[in-house]
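Reader: I have a structure open and would like to go through a few spots with you. Could you start with whatever term I need for reading the strands?

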Amino acid sequence: MTPTISRAPDAGQDPSALASPPTHRVVQVIELLSRRPTEQLSLARIVRHTGLSRATAHAVLTQLTADGWTVRDDDGAYGLGLRLLTVARRAEAAFPLPRLALGTLRELARRHGFPVFLAERDGDAIAITEVVGTPSVPWIRQGRRLPLAPPVAREFIAWAPDSEQRAWLDRADPAHRDRLVTVLDAVRHRGYSVERLADDATPMLEALAALRNSPVTDPLRHRLGAMIADLITIDYLPHELGDHNAVVTIAAPIHLGPTVPAALVLCPDTHLSAPTLATLGAATKSAADTLSTQLTPTD
């Protein structure tokens, strides 16, 4: 089985030259209906949510309904049609990884009691394409996209060619680049990355910075500075692990030959001992390696 990996537009290609307003209007309507698959939406609601004119929305829906991509009930409300479902099922063959990975994600979540998600590379972004369980971190949800930029996506970049690693590092804060180089080495060595920055770190950083800049004693200022440095530290290096380590996610790469098209991510979002972290890291890596083997084409 050879999965299809999405690619970004060619360098120098002007996206506006490819734009098609009528096509975009159709996509807007389909995306809106797909976000509410169990509902029937009135024309007025579709107009309100898409920003299309009533005449344009009506024309789009009339054609979609004629083609079987949407259906219209007796009250004039619209929903997804069976023809679209047929197309969607056919399209799954071009993106086999979520379907292939679902059983592995469920088993990893069941065995360790933490949510798990699949992240796939899509050009210059990382997309969350499958989630098992209910992660406590709000940004972890199906369909969420993250830029392929430092310090995230370390499990993708650690095995990338040198030129891609350099380009990624060039986008980092200069103050963090040396650490990122060391972290990428550690990720390659152990086989997974560890996210230690929780969602509430940003407001905490702002509050601590304000306190540090206010009239305080020197010892307290030094302590606040140390707390800030701890919050912005990227990943864990082996010598930094202690009895209690704040771990948001553990992410292991899924390999397809020399590339990393996806990652399997376990979401403890809790404090772990170093041995427990190592155990969960090994389990996540093992599950990702299993998927790598399943993705490898056979003769």
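Author: Two strands count as a pair if DSSP finds at least two bridges between them. Please keep in mind that this is a predicted model.

Reader: OK, so how many bridges join β8 to β9?

Author: Strand β8, residues 249–256, is joined to β9 by 6 bridges, and the two run antiparallel. Within that pairing, P253 stands opposite A263 of β9.

Reader: And what happens at the hairpin of β8 and β9?

Author: There are 2 residues between the strands in that hairpin, and G257 takes a positive phi near 65 degrees.

Reader: Which residue of β9 is the bridge partner of F117?

Author: The partner of F117 is V265. As for the strands themselves, β3, which covers residues 116–122, pairs with β9 in the antiparallel sense over 5 bridges.

Reader: Why is β9 largely enclosed?

Author: Strand β9 spans residues 259–266, and 7 of its 8 residues are buried, so the strand is largely enclosed by the rest of the structure.

Reader: Switching topic: S193, buried or exposed?

Author: S193 is buried, because its relative accessible area is 3%, and the cut-off for buried is under 20%. In terms of place, S193 belongs to strand β6, residues 193–195.

Reader: What does the side chain of S193 join in a polar contact?

Author: The side chain of S193 makes a polar contact of 2.8 Å with the side chain of E155. Setting aside neighbours within four places in sequence, S193 is also in contact with several other residues, among them R154, V187 and D235, as well as T249, I250 and A251.

Technical notes: Residues are numbered from 1 along each chain as its sequence is written. This is a predicted model: local features need pLDDT of at least 70, side-chain atom pairs count only at pLDDT 80 or more; totals for chains, interfaces and linings use all residues. Side-chain values use heavy atoms; hydrogens and water are left out. Buried means under 20% relative accessible area, exposed over 50%, partly exposed in between (1.4 Å probe, protein chains only). Helices (H or I, at least four residues) and strands (E, at least two) are DSSP runs, numbered from the N terminus. A polar contact is a pair of N or O atoms within 3.5 Å; within protein, one must be able to donate a hydrogen and the other to accept it, and residues adjacent in sequence count only if both atoms are side-chain atoms. Contact means heavy atoms within 4.5 Å.
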